[in-house]
Amino acid sequence: MNLNSKIFLAGHRGLAGSAILRKLLEKGYDNIITRNSLELDLRNQFNVNEFFKNEDIDCVILAAAKVGGINANMNNLSGFLVDNLLIQTNVIKAAHDNNVKKLVFLGSSCIYPKDSKQPLKEDYLLTGLLEPTNEGYAIAKIAGLKLCEYYNNEYGKDFITVVPPNLYGMNDNFNPDSSHVIAGILNRMHNAKINNLPSVKIWGSGNQFREFMHVDDMADAVVFLLERYSNSEFINIGTGEDITIKDLANLIKKVIGFKGELIFDSSKPDGMYRKVLDVSKISKFGWKYQISLKQGLIETYNWFLEEFDSEKK
């Protein structure tokens, strides 16, 4: 890759894509093309094929996806499966058919079996049953990962897959019905603080462990591997560190300054008990995350206040 390579960044408005766009610009890449969903519906095979035929694209970064938290996934398994299968298959196949030199596909740590040993090594893929609450999304991500692998092995492509953990940060989705855990807790706790509510309810027991990665660290890892990694085997990117949801909630509580009670609703599903990535493979390449969880939460909350706090507008 060189700095004037023509890069199609799919999903540039989302949490992951917007961070990757910032990192590419910071690194000096100056030939990035983007399309929003109104300009190009990636679920439409004909339109995607025409787009690739009309653009001389050197590289694709596929960060576009239908995403959501445990509640959104549970209530729309078919939608998460179908939409993501369409997006991935259309883009990856069009990249193959139009001789794109490099493709980076963003996977997800939910691809691993629910009862895997921890930390999660790349070798554990397809060794057991998936977590039912996000099975549709996970199956789609596995299909995209495998399609990249097959094109590499059968046609000599350079299509790589990176697998991040739970992401958070600037441009996250704070919708209470579809947000991931950090955005959801942060939003509810902030609203409780400004409305002087006595408590905040949190899904699950709080005893489950999760790994969280600031989206800017994820973007740094993606561009690092874009420039250095060519292999059919997918690669984990993350911090390699985890925290219980209960400890996470208390950390967010301190960052926000909420004084009320945290109520954990054990009637709601926990999902996998523990999910932390083994990052030894990317560590051997010399990459390591830079943003601590506390620092990242402070930055995320400050951004949230600037964007959403009605008292400041």
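Two strands are taken to pair if DSSP finds at least two bridges between them, and helices (H or I, at least four residues) and strands (E, at least two) are DSSP runs numbered from the N terminus. The model is a predicted one, in which local features need pLDDT of at least 70 and side-chain atom pairs count only at pLDDT 80 or more, whereas totals for chains, interfaces and linings use all residues. Residues are numbered from 1 along each chain as its sequence is written, and side-chain values use heavy atoms, with hydrogens and water left out.

An open sheet of 3 strands, with mixed pairing, follows the order 11-8-13. Strand 11 (243-244) and strand 13 (274-275) stand at its edges with a single partner strand each, so one side of each is left without a neighbour in the sheet. Strand 8 (residues 209-210) pairs with strand 13 in the parallel sense over 2 bridges, and Phe 209 has Arg 274 of strand 13 as its bridge partner.

A further open sheet, of 6 strands with parallel pairing, has the order 2-1-3-4-5-10, and its edge strands are strand 2 (32-33) and strand 10 (235-236). Within this sheet, strand 1 (residues 7-10) and strand 3 (residues 59-62) pair in the parallel sense over 4 bridges, with Leu 9 opposite Ile 61 of strand 3.

The largest nonpolar core, a set of buried (under 20% relative accessible area, 1.4 Å probe, protein chains only) Ala, Val, Leu, Ile, Met, Phe, Trp, Tyr and Cys residues joined through side-chain atoms within 4.5 Å, has 74 residues, and Ile 61 is among those that touch the most other members. Helix 7 (residues 215-228) gives the most to this core, with 9 residues.

Definitions and conventions. Buried < 20%, exposed > 50% of the residue type's maximum accessible area, 1.4 Å probe, protein only.
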